[in-house]
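Visitor: I am new to this structure and should be grateful for a close look at a single part, followed by an account of how that part sits within the whole.

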Amino acid sequence: MKITELRQKNKIELAAILEERLAKLAESRFDLSGGKVKNLKEIRQAKLDIARVKTILNEGAVVEKI
C-alpha cells in the first residue's frame, strides 16, 4: 500500500492492516523454511507495509474518524 492511502485510514483500520500483514509475514516465513515460497518479494513487501503502518501509528498523524 502507498503511504497516502494509509494516512487516510483511522487507527482501527491501520491496526487491522498491521495484524493482517504480520500474519502474512509469519506465514511467508514458515513457507520459506519449508521450501514452498518462490516469490521472495512478498516477504519484502510485507515488511515495508508493516514499517509504513507502524510509522503512521507512532507519529500520531492519524485523526480519529469515529
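Guide: The side chain of Asn10 reaches the backbone nitrogen of Ile12 at 3.2 Å. A polar atom of the same Asn10 side chain also lies 2.9 Å from the backbone nitrogen of Glu13. Both are polar contacts, that is, pairs of N or O atoms within 3.5 Å; within protein, one must be able to donate a hydrogen and the other to accept it, and residues adjacent in sequence count only if both atoms are side-chain atoms. Asn10 lies in the loop between α1 (3-7) and α2. Because its relative accessibility is 11%, Asn10 counts as buried; buried means under 20% relative accessible area, exposed over 50% and partly exposed in between, with a 1.4 Å probe and protein chains only.

This is a predicted model, in which local features need pLDDT of at least 70 and side-chain atom pairs count only at pLDDT 80 or more, while totals for chains, interfaces and linings use all residues. Residues are numbered from 1 along each chain as its sequence is written, and side-chain values use heavy atoms, with hydrogens and water left out.

The protein has three helices and zero strands, in the pattern α-α-α along the sequence. Helices (H or I, at least four residues) and strands (E, at least two) are DSSP runs, numbered from the N terminus. The C-alpha trace spans about 45 × 15 × 15 Å along its principal axes. Of the 66 residues in the protein, 23% are buried.

Another polar contact involves Arg21, which is placed in helix α2. The side chains of Arg21 and Asp49 make this contact at 3.0 Å. Arg21 counts as buried because its relative accessibility is 14%. Leaving out residues up to four places away in sequence, Arg21 touches Met1, Ala46, Asp49 and Ile50, where contact means heavy atoms within 4.5 Å.

Two of these neighbours, Ala46 and Ile50, belong to the largest nonpolar core, which has 10 residues: Leu6, Leu14, Ile17, Leu18, Leu25, Ile43, Ala46, Ile50, Val53 and Ile56. Helices α2 (11-34) and α3 (41-59) each supply at least two residues of this core, and the largest share, five residues, comes from α3. A nonpolar core is a set of buried Ala, Val, Leu, Ile, Met, Phe, Trp, Tyr and Cys residues joined through side-chain atoms within 4.5 Å.

Within this core, Val53 touches Leu6, Leu14, Ile17 and Leu18, not counting residues up to four places away in sequence. Leu25, in helix α2, is buried because its relative accessibility is 9%. With neighbours within four places in sequence set aside, Leu25 is in contact with Ile43, Ala46, Lys47 and Ile50. The C-alpha atoms of Leu25 and Leu14 are 16 Å apart, with their positions 11 residues apart in sequence.

Val37 has its place in the loop between α2 and α3. Val37 counts as partly exposed because its relative accessibility is 21%. Apart from residues up to four places away in sequence, Val37 touches Ser28, Asp31 and Leu32. For the protein as a whole, residues 24 or more positions apart account for 66% of the contacts with a separation of 6 or more.
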